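Please look through the sequence and the structure below. The paragraphs after them go from one part of the chain to the next.

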Amino acid sequence: ARVESQSNTDPWAKAGVMIRESTNSGAKYIGVHVTPTSSHGVSLQYRSVTGGSAVDVAQISGPAAPYWVRLVRSGNTVRAYRSADGLTWTQVSTNITAVALPGSVLAGLAVCSHAAAALSTVSFDNVSLVQPDFSITPSPLSQTITGGGGTEFTVTVAGTNNFSGIVTLSLLGLPAGAGGGFSPPTVTNSGSSTLTITTTNTTAPDDYQVTITGTSGLLEKQSV
C-alpha cells in the first residue's frame, strides 16, 4: 500500500499496513508504518505477547509520505518492506519470527495519531492483498504406455507471490493393475518431481485421466 498523504498530528503519528491476531486492543500484531516527518521516517513494530508492550524493531529516517510499505507473511515468518516508488523494495530490518500468529489473521491498514486530542487524516492508494500460491504443471500432458510397461512425467511446482512451503504430491485415477509414485514425494517452495507410472499385462487398454494433487497447509491445487 502507498501512504499518499498524512496529517502531522505528532512526529510519531503512523500510517501503514498491519497483520493482527484480532481487533482487541492488546492483540499481537506486526506493523510497518510511515510517519509524517522524514526525521522519524518508517517505523517497524510488533507486539509478541497478547496484552504486552509493543517492541520497536527499526526506525528508518528519511522517508515521508507519499511512500510505500508492505508486509509479507510465510508461516510464522513476517518480512517488512519499504519503497519510494512501489517498484524497488528494501527490507526493513530482518525477518520477524518472535510473534506467534494464528493461522487466520486480520490484515489491513493502520492509522495512529499519537495524540489523544487529535484525529489523524490519512489517504491510501494502491492497496492490495495477495495470497501466496503455487501451481502444478505436468510435462508432457499425455503419453502412451504399452501394457506391462511404464513411463515418466516431470511435475513442476511453481510458487507465486512469495509462496514458501512444502507441497505434498499425490495421485488419483490410476486403473486396476497400474501404479504410480513421485520422486521426491514433496517439493519445497518451487521445484520439480518425477512421476513414474507403471502398468501390468492385466491393465485394461483405454484412455485414462489421472489427477495430480498438491497440498500445502490449507492450499490445494490439482492438475489432470
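Apart from residues within four places of it in sequence, L44 has contacts with I30, G31, V32, V55, D56, V57, A58, A80, V92, S93 and I96. These contacts are read from a predicted model, as is everything that follows.

L44 is also part of a wider group. The largest nonpolar core has 22 residues, and those that touch the most other members are I30, V32, L44, L71 and V92. Two or more residues of this core come from each of the elements β2, β3 (29–34), β4 (42–47), β6, β7 and β8. Elsewhere there is a second, separate core, made of 15 residues, among them F153, V157, F182 and V210.

Strand β2, one of the elements that supply the largest core, covers residues 14–20 and holds A15. Is A15 buried or exposed? Its relative accessibility is 0%, so A15 counts as buried. Among the contacts of A15 beyond its neighbours within four places in sequence are V3 and Q6, then H33 and V34, and further along the chain A110, V111, V122 and F124. L109 stands 94 residues from A15 along the chain, yet 7.5 Å separates their C-alpha atoms.

I60 belongs to strand β5, which runs over residues 55–60. I60 counts as partly exposed because its relative accessibility is 24%, and the cut-off for buried is under 20%. With residues up to four places away in sequence left out, I60 touches H40, G41, V42, R82 and V92. V92 is also on the contact list of L44. From I60 to S38 the C-alpha distance is 8.8 Å, while their positions lie 22 residues apart in sequence numbering.

The aromatic rings come next. A pair of aromatic rings is described by how far apart the centres are and by the angle of the planes. The model has two aromatic pairs. One of them joins W68 and W89: it is edge-to-face, with 6.3 Å from centre to centre and 85 degrees between the planes. W68 is in strand β6 (residues 67–74) and W89 is in the loop between β7 (77–83) and β8 (90–96), so this pair ties together parts that are 21 residues apart in sequence. W68 has a relative accessibility of 16% and therefore counts as buried.

For F134 and F163, the ring centres are 5.2 Å apart and the planes meet at 50 degrees, so this pair is tilted. It links distant parts of the chain, 29 residues apart: F134 lies in strand β11 (residues 133–139), and F163 in the loop between β12 (150–160) and β13 (166–172). F134 and F163 are both buried. Back at W89, the face of the ring has R70 lying over it, 4.0 Å from the ring centre.

The last part is a sheet. In general, the strands of a sheet pair through backbone hydrogen bonds, in a parallel or an antiparallel way. Here four strands, in the order β15-β13-β17-β18, make an open sheet with antiparallel pairing. Which strands are at the edges? They are β15 (186–188) and β18 (219–223), each of which pairs on one side only. On average, and with direction ignored, neighbouring strands of the sheet are turned by 25 degrees against each other. Three bridges join β13 and β15 in the antiparallel sense. V187 in β15 has V167 standing opposite.

Definitions and conventions: Residues are numbered from 1 along each chain as its sequence is written. This is a predicted model: local features need pLDDT of at least 70, side-chain atom pairs count only at pLDDT 80 or more; totals for chains, interfaces and linings use all residues. Side-chain values use heavy atoms; hydrogens and water are left out. Buried means under 20% relative accessible area, exposed over 50%, partly exposed in between (1.4 Å probe, protein chains only). Contact means heavy atoms within 4.5 Å. Rings of Phe, Tyr and Trp (its six-membered ring) pair if their centres lie within 6.5 Å; planes under 30 degrees apart count as stacked, over 60 as edge-to-face and the rest as tilted. A charge sits over a ring if NZ of Lys or CZ of Arg is within 6 Å of the ring centre and within 35 degrees of the ring normal. Two strands pair if DSSP finds at least two bridges between them. Axes are lines fitted to C-alpha atoms, for helices over the stretch in contact, and angles run from 0 to 180 degrees between N-to-C directions. A nonpolar core is a set of buried Ala, Val, Leu, Ile, Met, Phe, Trp, Tyr and Cys residues joined through side-chain atoms within 4.5 Å.
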